[in-house]
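Let's look at some labels and ask what earns each of them. Have the sequence and the structure ready as you read along.

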Amino acid sequence: MRIISENRCFEGVQGVYAHDAKSTGTEMTFGLFLPEEAEDGPVPLLWYLSGLTCTHENAMTKAGAQAWAAEHGVGLVFPDTSPRGEGVANDEAYDLGQGAGFYVNATQDPWAKHFRMWDYVAEELPALLMSEFAIDPDRQSVTGHSMGGHGALTMAMRLPGRFRSVSAFAPIAQPTQSDWGRKQLGAYLGADEGAWLEHDSTHLMTELGFDGPVLVDQGASDQFLDLLRPEALAGAMMGRRQEGTFRMQKGYDHSYFFVQSLMADHLAFHAEALWK
């Protein structure tokens, strides 16, 4: 692991680090904020998974999360959204390839060699973080925006016991029925739509649910509502009687201004679960 930068931030440290990842076969970069409490011992960790086109940097610099994380004594990790570099498959479209890993393990060429983002985010990066930093592995939660909201919800439901709480900002809620999903899942996983279902939050909510509290915020003026399909996830939560809250936020769009505006709520929501 290599230190790219470390900066004082709200009495804690905002770092950026790189390492050679076995799962992707590439160098991967991530951001990690640790509050000052980490100087005295392990702290809880909130995962933030970013959306299409993002790197580790977007949420780290735009979400305004560090101030609230510092207030609650919680660490924040910002993984990248895909493998990158020379020799890594890509596409001219913004929503496929580098910057659009969709948090799945690709099985189809040319993606299968490097696009193993499920293994990276669910297994390899957690192991690295717990071994190198003052983080409590028993107190983790997860959140994300758009494609990252999809990743957060699917990880939370498919890894029972891992996360104490899950939240999402404008998640891609039903990718198997949306052009933000069908294109990517078909490319990465192949034509068998049955293999896509374990990456569909609405399907997982119907079949599995989450063993903790859920918070979903969706901007009512989001320009991508038809692609996100929030009504499907809201219906699945209601049908399952899932512990949680789904909020339509009047006037908000899909931008990081929306994420910034509600970040304090999400950090407080996760801190309550993490510090129980």
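Q: Is Leu46 buried or exposed, and what makes it so?
A: Leu46 has 2% relative accessibility, and buried means under 20% relative accessible area (exposed is over 50%, partly exposed in between, with a 1.4 Å probe and protein chains only). Leu46 therefore counts as buried. A word on the source: this is a predicted model, where local features need pLDDT of at least 70, side-chain atom pairs count only at pLDDT 80 or more, and totals for chains, interfaces and linings use all residues. Residues are numbered from 1 along each chain as its sequence is written, and side-chain values use heavy atoms, with hydrogens and water left out.

Q: Where does Leu46 lie, and which residues is it in contact with?
A: Leu46 lies in strand E4, residues 43-49; strands (E, at least two residues) and helices (H or I, at least four) are DSSP runs, numbered from the N terminus. Contact means heavy atoms within 4.5 Å. Leaving aside neighbours within four places in sequence, the contacts of Leu46 include Val74, Leu76, Val142 and Leu267. The C-alpha atoms of Leu46 and Leu76 are 4.9 Å apart, although 30 residues separate the two along the chain.

Q: Why is H2 called roughly parallel to H9?
A: The axes of H2 (residues 65-72) and H9 (residues 256-274) come within 9 Å and cross at roughly 30°. Angles under 35 degrees count as roughly parallel, over 145 as roughly antiparallel, 65 to 115 as roughly perpendicular and the rest as oblique. So H2 is roughly parallel to H9.

Q: Which residues of H2 and H9 meet?
A: Ala65, Trp68, Ala69 and His72 in H2 meet Met263, Ala264, Leu267, Ala268 and Ala271 in H9. By class, this contact has eight nonpolar, one polar and no charged residues.

Q: What makes H3 and H4 oblique to each other?
A: The axes of H3 (residues 117-132) and H4 (residues 147-158) cross at roughly 60° and come within 12 Å. That angle falls in none of the other ranges, so H3 and H4 are oblique. In their contact, Trp118, Val121 and Ala122 of H3 meet Thr154, Met155 and Arg158 of H4.

Q: How do you know whether Ser82 is buried or exposed?
A: Ser82, in the loop between strand E5 (75-79) and H3, has 0% relative accessibility, so Ser82 counts as buried. A polar atom of the Ser82 side chain lies 2.7 Å from the backbone nitrogen of Gly99.

Terms used
Axes fitted to C-alpha atoms, helices over the stretch in contact; angles between N-to-C directions. Polar contact = N/O pair within 3.5 Å; in protein donor to acceptor, adjacent residues only side chain to side chain. Nonpolar A, V, L, I, M, F, W, Y, C, P; charged D, E, K, R; others polar.
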